[in-house]
Amino acid sequence: MSAEGGTLTTSGYIQHHLTNLAVCSDAAKDATGHCHGFWTFHLDTLLVSGILGLVVFGLMAMVASKATSGVPGNLQSFIEMVVGMVDQQVKDTFHGKSALVTPLAITIFVWVFVMNAMDLIPVDFLPVTAAAVGVDYLKVVPTTDPNLTFAMALTVFVITLFMGLKIKGFGHFMHEVFAVPFGLKLAPINLLFRIVEEIARPISLSLRLFGNMYAGEMVFILIALLGIWQLPLALPWALFHILIITLQAFVFMMLTIVYMSMAAESH
Amino acid sequence: MNINATLIGQAIWFAIFIWITMKYVWPPLQKAMADRQAQIADGLAAAERGKHEQELAAKRSADALREAKEKSAELVAQAEKRAQQIVEEAKGNAKVEADKVVAGAKAEIDQEVERAKQQLRERVAELAVAGAEKILRKEINASAHADMLVALKQDL
């Protein structure tokens, strides 16, 4: 299944599965046609995550527009259950008033969950289908692309910063940056601590999701290499993985809520 | 693992989906859920109220029943008393009437007796006269009385 057309080696198979469908200008391509440099787009990540998001949020918006306060239908009940669960977490953790936190948490939970769930489709299914229609590379799980997880973590970081500024006001915010935890006399150290903390958050947030999903995908690929023995192994791992994809979506959402509540509340 | 412009694209997607959720998903669902919660709360309150009212009504009906029973007992007692009174009155009236009738009858009997006595008295005179006549007729002896009759004739 190697796009290079050579013999199918184990490392080649793995490599192929872990390569994104990248597009860039011709100038950015190296001799073998691979893209390098910043101005490269992973088309598979962008399209899969975008289509999944449009479908699932489109569906939710459609159901929400017809939502009744009477007896809800099955789909509305299901969506309300998910949304209600997220809202309950927000209520338990975030004590400020914000119209943004709950929608943000819902978006994160639902989107990350459906993207992670792409992992449950057998590893060769979509790439082979794509190869049949002339697409050489296809990495189907968007959350195994660090670009996506970093994008989400950075967005959360920016929103957190703006919310902190908005709720506390510039003066209070700056005071907190320079005077917590050691008081104003040690302002440089406080600032340093704050910077480390603020940088560590998005990195840990994004790498946690990326690492878990990447490792999970890797195990699926390795199981797929076992020939007939993959049959008894793929199912248990997929079942176990259902837990992981839900848990990772939940953790990402929960940490976001926690960061937001820390930004909104005084230390 | 290389960070590239995909990052920007993903951030845009993320922002779009947050916007969709914030504008079209969360508010209607939140409203529907809150409304339903309010409806359920109202329903429960109404049920509680209904139960309370039912209890009150039961109490009221028991009260009314008790009152009605008391009243009916009172009425029955009154009626009994009245009936007794009427019976007494009737008895009295009957007695008076009976006395009257008896007195009337007695008077009539007395009258009757008087009349009978009168008649008897009259008949006794007649009988006495008849008896006397019979006696006289038997005693009369033309010869014995001839003297008297002659004397009588002479007086004439």
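How many residues does the contact take from chain B, and how many from chain A? I looked this up to begin with, and the contact takes 27 residues from chain B and 38 residues from chain A, two residues being in contact if their C-beta atoms, placed from the backbone, lie within 7 Å. On the side of chain B that touches chain A, I noted 19 nonpolar, six polar and two charged residues; here Ala, Val, Leu, Ile, Met, Phe, Trp, Tyr, Cys and Pro count as nonpolar, Asp, Glu, Lys and Arg as charged, and the others, Gly among them, as polar.

For my own bookkeeping: this is a predicted model, in which local features need pLDDT of at least 70 and side-chain atom pairs count only at pLDDT 80 or more, while totals for chains, interfaces and linings use all residues. Residues are numbered from 1 along each chain as its sequence is written, and chains are lettered from A and ligands numbered from 1 in the order in which they are written.

Next I looked at B:Ile3, which lies in the segment before α1 (6-139) of chain B; helices are DSSP runs of H or I with at least four residues, numbered from the N terminus. Leaving aside neighbours within four places in sequence, B:Ile3 is in contact with A:Pro146, A:Asn147 and A:Phe150. B:Ile3 is partly exposed, because 13 other C-beta atoms lie within 10 Å, where 20 or more would make a residue buried and 12 or fewer exposed.

Then I turned to the largest nonpolar core, which has 58 residues; such a core is a set of buried Ala, Val, Leu, Ile, Met, Phe, Trp, Tyr and Cys residues joined through C-beta atoms within 7 Å. Among the elements that give two or more residues to this core are α4 (101-117) and α9 (230-264) of chain A, together with α1 of chain B, and α4(A) gives the most, with twelve residues. A:Phe109, one of the residues with the most contacts inside the core, touches A:Val86, A:Ala249, A:Phe250 and A:Met253, not counting residues up to four places away in sequence.

How do α4(A) and α9(A) cross? Their axes, lines fitted to C-alpha atoms over the stretch in contact, come within 8 Å and cross at roughly 160 degrees. That makes α4(A) roughly antiparallel to α9(A), a term for angles over 145 degrees. The residues of this contact divide into 15 nonpolar, four polar and no charged.

Last, I noted a cis peptide bond between A:Val180 and A:Pro181, with omega about 10 degrees; A:Pro181 lies in the loop between α7 (170-179) and α8 of chain A.

Terms used
Axes fitted to C-alpha atoms, helices over the stretch in contact; angles between N-to-C directions. Parallel < 35°, antiparallel > 145°, perpendicular 65-115°, else oblique.
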